[in-house]
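Here are some short exercises to work through with the model open beside you. Try each task before reading its solution.

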Amino acid sequence: MIDYTGYLPYASDYEKGLIALLKKGTRESVASHYQISTRTLERHLKSLREKAVKQGFCPDVDMEYTCPAGFEVGSIKID
């Protein structure tokens, strides 16, 4: 299970609500609370991770330094 607390600076208010409920319950319970499917929940979380990666934040590959405002990360090379 991914810890989404590091993604909070990149999340919208809706996504912050999803993350807050994910800390307390399962994906199925969060999806039923928001009356969405678990697949839709997964899409929201994937979109959040992609948004964070474009700003230079991806703890999955030890990339935890964000790029300056107004810039996006173009590509990442992992050795």
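A residue is called buried under 20% relative accessible area, exposed over 50%, and partly exposed in between (1.4 Å probe, protein chains only). This is a predicted model, where local features need pLDDT of at least 70 and side-chain atom pairs count only at pLDDT 80 or more, while totals for chains, interfaces and linings use all residues. Residues are numbered from 1 along each chain as its sequence is written, and side-chain values use heavy atoms, leaving out hydrogens and water.

**Exercise 1. Classify S47 and Q35 by exposure, and place each one in the fold.**

Step 1: S47 has a relative accessible area of 36%, so it is partly exposed. S47 sits in helix α3; helices here are DSSP runs (H or I, at least four residues) and strands are runs of E (at least two), numbered from the N terminus.

Step 2: The C-alpha of S47 is 9.6 Å from that of A11, with their positions 36 residues apart in sequence.

Step 3: Q35, at 75% relative accessible area, is exposed. Q35 belongs to the loop between α2 and α3. Its phi is near 55°, a positive value in a residue other than glycine.

**Exercise 2. Lay out the secondary structure and say where confidence is lowest and highest.**

Step 1: The protein has three helices and two strands, in the order α-α-α-β-β from the N terminus on.

Step 2: Use pLDDT, the predictor's confidence in each residue from 0 to 100. The average is 83, and 77% of the residues score at least 70.

Step 3: Confidence is lowest in strand β2 (residues 63-64), with a mean of 62, and highest in α2, at 93.

**Exercise 3. Describe the aromatic pairs that involve Y7.**

Step 1: A pair of aromatic rings is described by the distance of the centres and the angle of the planes. Rings of Phe, Tyr and Trp (its six-membered ring) pair if their centres lie within 6.5 Å; planes under 30 degrees apart are stacked, over 60 edge-to-face, and the rest tilted. The count comes to four aromatic pairs.

Step 2: Y4 and Y7 make a tilted pair, 5.7 Å centre to centre with 45° between the planes. Y4 is buried at 4% relative accessibility, and Y7 is buried at 1%.

Step 3: Y7 and F57 have ring centres 5.2 Å apart and planes at 85°, so this pair is edge-to-face. Because Y7 lies in the segment before α1 (13-24) and F57 in strand β1 (residues 57-58), the pair ties together parts 50 residues apart in sequence. Both Y7 and F57 are buried.

Step 4: Put the ring pairs together, and Y4, Y7, Y10 and F57 form a linked cluster.

**Exercise 4. Which residues touch the most other members of the largest nonpolar core?**

Step 1: A nonpolar core is a set of buried Ala, Val, Leu, Ile, Met, Phe, Trp, Tyr and Cys residues joined through side-chain atoms within 4.5 Å.

Step 2: The largest core has 14 residues, and Y4, Y7, L41 and L48 touch the most other members. α1, α2 (27-33) and α3 (38-54) are the elements that give two or more residues to this core, with α3 giving the most, four residues.

Step 3: Leaving aside residues up to four places away in sequence, L48 touches Y4, Y7, Y10, A11, E15 and I19, where contact means heavy atoms within 4.5 Å.

Step 4: For the whole protein, buried residues make up 27% of the 79 residues.
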